[in-house]
Amino acid sequence: MTLALMEAVVDEARPGVLVRAIGCEGHSVTIERAVAGGEWLPVRSGFPARVVGGEAAAYDWEAEPGTRASYRAVGEQTTAASMVATVDVPPLPACTGAACSTWLKHVERPGLSVKARILHPDNPSRAGRGSFVEPDGAGVLPHYRSQGLSGRQGSYTVRVSGWDALDALDRLLAEPGTVLLHANPAHGLRAMYLAVTGAGESRPGNTPGWEWRDVEFSWRQVGRPWPGGAPLLVPGWSWREAIRDAATLQQVAGRYPTRWDLLLAGTRAARTA
């Protein structure tokens with residue numbers, strides 16, 4: 001593979017990065033990310049990334065806010081990598097009081113992701129993994145075959161205002177798949193992949209109005225879902241949004257002369273986050 005040029009653009013509305021490799025050969029490449037000199041990992045939607053007109057693109061919805069991310073492309077039948085593009089992913093806003101500005105990102109369906117206010121306290125636990133062997137005989141103590149501790153598990157409380165926000169959170173929590181938690185580090189919440197295991201709803205005490213709701217959901221920490229074969233999706237951006245107010249396909253083609261222009265417009269669209 002000829003060493004490709006790389007371009008990375010931070011989404012203006014949401015914490016994600018749009019990436020493209022320019023000057024690619026073959027049918028596909030793998031677009032990878034590394035943070036602060038760490039391990040190179042394939043980007044979801046870039047594993048593989050289809051080459052169209054010598055270019056390949058991916059949207060990195062798993063990029064962590066507040067980090068410096070580097071991107072490269074690797075060809076199908078070679079270990080040679082492209083040049084590297086590096087961007088600073090802006091941190092999330094600082095926390096205020098007991099509430100923290102947090103993104104709950106649905107990994108498989110990015111459009112369901114929500115920006116939420118998670119409340120303290122945060123008290124995760126880790127369960128023991130193993131089995132007991134019960135010897136015969138009264139009063140004989142059992143033996144324990146330990147497999148260490150499981151991942152973290154616990155619950156978070158999210159405060160929302162209004163039916164729209166409540167419905168959006170409900171759609172996220174009810175959708176099968178994996179949720180990626182990203183928060184401002186000052187709040188003491190680490191980035192984690194979560195499986196939602198339950199949810200309950202209540203009204204915060206001494207809060208005027210009926211629009212406020214506290215949604216407590218239980219979770220269990222899981223590993224990163226396999227990134228291979230995922231479609232390229234820009235959260236909140238769709239063909240319906242792209243053709244809005246366009247009378248003809250010629251007008252659409254004029255707005256977005258190339259595939260990259262169409263994807264780039266999704267990162268600059270005026271959307272409610």
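The paragraphs below go through a strand pair, a helix and a pocket of a predicted model.

Residues are numbered from 1 along each chain as its sequence is written, and side-chain values use heavy atoms, with hydrogens and water left out. Because the model is predicted, local features need pLDDT of at least 70 and side-chain atom pairs count only at pLDDT 80 or more, whereas totals for chains, interfaces and linings use all residues.

Strand 7 (residues 68-75) pairs with strand 8 in the antiparallel sense over four bridges, where strands are DSSP runs of E of at least two residues and helices are runs of H or I of at least four, numbered from the N terminus, and pairing requires at least two DSSP bridges between two strands. Within this pair, S70 has T86 of strand 8 as its bridge partner. The side chains of strand 8 (residues 85-88) alternate, with A85 and V87 buried on one face and T86 and D88 pointing to the other and not buried; buried means under 20% relative accessible area, exposed over 50%, and partly exposed in between, for a 1.4 Å probe and protein chains only.

Helix 1 (residues 163-174) has 12 residues, and its buried members include L166, L169, L172 and L173. These leucines lie on the same side of helix 1 because they cover an arc of only 125° around the axis, the arc being that of the directions from the helix axis to the C-beta atoms. On the other side of helix 1, W163, D164 and A174 are exposed.

Methods:
The expected span of a helix is 1.5 Å times one less than its number of residues.
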